[in-house]
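User: I have a structure to go through and some questions about its strands and one loop residue. Please keep the answers short.

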Amino acid sequence: MTGKKLYRLSRSFIGDEEKSAVQDVLNSDYFGMGEQVQRFETELAAYLGRPAACVVNGTSALQIALQAADIGPGDEVLVQSLTYVASFQAIAASGALPVACDVSRDSLTINVDSMAANLTPRTKAVMPVHYSGGVGALSEIYDFARENNLRVIEDAAHAFGTSYQGQLIGSFGDITCFSFDGIKNITSGEGGCITSSDEKVMERIRNIRLLGVLNDTDNRFHNKRSWDFDVIELGWRYHMSDIMAAIGREQLKKRSNLANKRRQLARCYDVLFSTSESINIIAHDYDAVVPHVYTVRINGLQDRDELRRRLLAKGVQTGTHYKPNHLLSLFLDSKRGSLEVTESVWPELITLPLHPALDEEDISIIASILLEELDQ
Ligand SMILES: *Cc1c(COP(=O)(O)O)cnc(C)c1O
């Protein structure tokens with residue numbers, strides 16, 4: 001492929017502002033969890049309208065959100081099988097059992113009937129995954145959770161900036177977790193955050209992320225630490241560093257531009273595929289949704305690997321979001337009942353390049369390469 005343009009599936013998109021913010025932190029000779037993290041948390045809280053706690057990545061956010069909600073060994077958590085393995089590993093790390101649920105065909109988000117079918121007396125929580133940035137039937141999921149006394153830990157790794165029924169994801173609901181890894185809607189290099197109106201949960205999270213050391217967050221924000229302290233529960237070294245927060249703060253300022261670029265490109269794909277007979281798009285309302293990935297389902301696709309190889313040969317890198325977790329050796333037992341939609345759609349899913357460094361012309365070239373390969 002030498003000499004030919006490669007359309008990357010995803011990539012980080014940072015500018016001089018992030019670079020100089022990192023330089024400032026490096027010059028300050030304090031890299032730990034300090035003033036930058038405090039400011040990032042304040043700015044996130046202002047944006048989301050409720051407290052936010054920053055951690056080292058989105059996976060740890062999910063893990064300690066579960067712990068802080070008292071979910072652990074002996075408990076079951078309902079989660080769609082069609083998600084990044086991070087969701088399943090975070091549940092497993094909390095000590096609870098992930099129970100694989102099916103998705104709805106149109107949104108690829110957790111199906112409420114499947115949640116009901118997998119409910120047991122041990123079910124303590126549901127983890128809806130906001131696949132590609134859309135949230136599916138989120139209000140029905142909350143209704144179901146309320147009726148069955150379940151906590152809701154939203155895996156909103158794809159959905160920073162998305163709103164639902166006029167409200168920003170993370171601004172309402174039980175507990176919401178975001179990822180700021182390099183390719184997410186905004187990035188802090190690696191990183192993540194948890195937001196909730198449950199002050200008890202937030203307080204525990206602030207301690208758990210600092211090895212369980214009680215009330216150390218404020219000290220850290222003033223470049224101090226506790227020497228005489230107590231620990232009352234298991235904790236992890238999951239705090240965010242000032243280097244990461246400095247990147248995240250600049251990205252947060254750019255969130256609208258970054259979001260609008262993603263929306264523009266996704267809308268462009270939608271139009272280009274609108275007359276295709278075999279390509280099914282996920283129909284999002286991009287006034288509300290910020291797309292993290294652009295995934296399509298290709299009717300009757302027989303050999304996805306072969307198609308992906310041919311696309312790559314023409315310079316188009318693709319992905320498959322995701323191999324269902326119940327097919328992974330560690331999580332074979334997570335399947336209890338039918339996962340019919342998941343099993344039938346996933347071999348037909350293919351994710352096309354989407355990131356803010358692309359433009360509309362790139363999208364039309366990528367779309368025509370795909371259509372050509374499908375012989376349309
Ligand atoms: C990225 C991602 C995570 C985990 O976030 P990290 O920051 O990479 O740990 C969790 N769930 C989903 C669906 C993701 O895409």
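User: Is Asp181 buried or exposed in this model?
Analyst: The model is predicted. Asp181 lies in the loop that links β8 (175–179) and β9 (192–196). Its relative accessibility is 19%, and the cut-off for buried is under 20%. Asp181 therefore counts as buried.

User: Which residues does Asp181 touch, not counting residues up to four places away in sequence?
Analyst: Asp181 sits between β8 and β9 in the chain. With residues up to four places away left out, the contacts of Asp181 are Ile186, Thr187, Gly189, Glu190 and Gly191.

User: How many residues of β9 are buried?
Analyst: Gly192, Ile194 and Ser196 point one way from the strand, while Cys193 and Thr195 point the other way. Both groups are buried. The count for β9 is five of five.

User: Which residue of β9 is the bridge partner of Phe178?
Analyst: β8 and β9 run antiparallel and are joined by five bridges. On its other pairing, β9 is joined to β1 (residues 52–55) by four bridges, also antiparallel, and there Cys54 stands opposite Cys193. The bridge partner of Phe178 in β9 is Cys193.

User: Which strands stand at the edges of the open sheet with the order β10-β11-β12?
Analyst: This sheet has three strands with antiparallel pairing, and its twist averages 35° from one strand to the next. Three bridges join β10 to β11 (residues 294–298), with Ile281 opposite Val296. Each edge strand has a single partner, so one side of it is left without a neighbour in the sheet; the edge strands are β10 (279–281) and β12 (349–352).

Conventions. Residues are numbered from 1 along each chain as its sequence is written. This is a predicted model: local features need pLDDT of at least 70, side-chain atom pairs count only at pLDDT 80 or more; totals for chains, interfaces and linings use all residues. Side-chain values use heavy atoms; hydrogens and water are left out. Helices (H or I, at least four residues) and strands (E, at least two) are DSSP runs, numbered from the N terminus. Buried means under 20% relative accessible area, exposed over 50%, partly exposed in between (1.4 Å probe, protein chains only). Contact means heavy atoms within 4.5 Å. Two strands pair if DSSP finds at least two bridges between them. Axes are lines fitted to C-alpha atoms, for helices over the stretch in contact, and angles run from 0 to 180 degrees between N-to-C directions.
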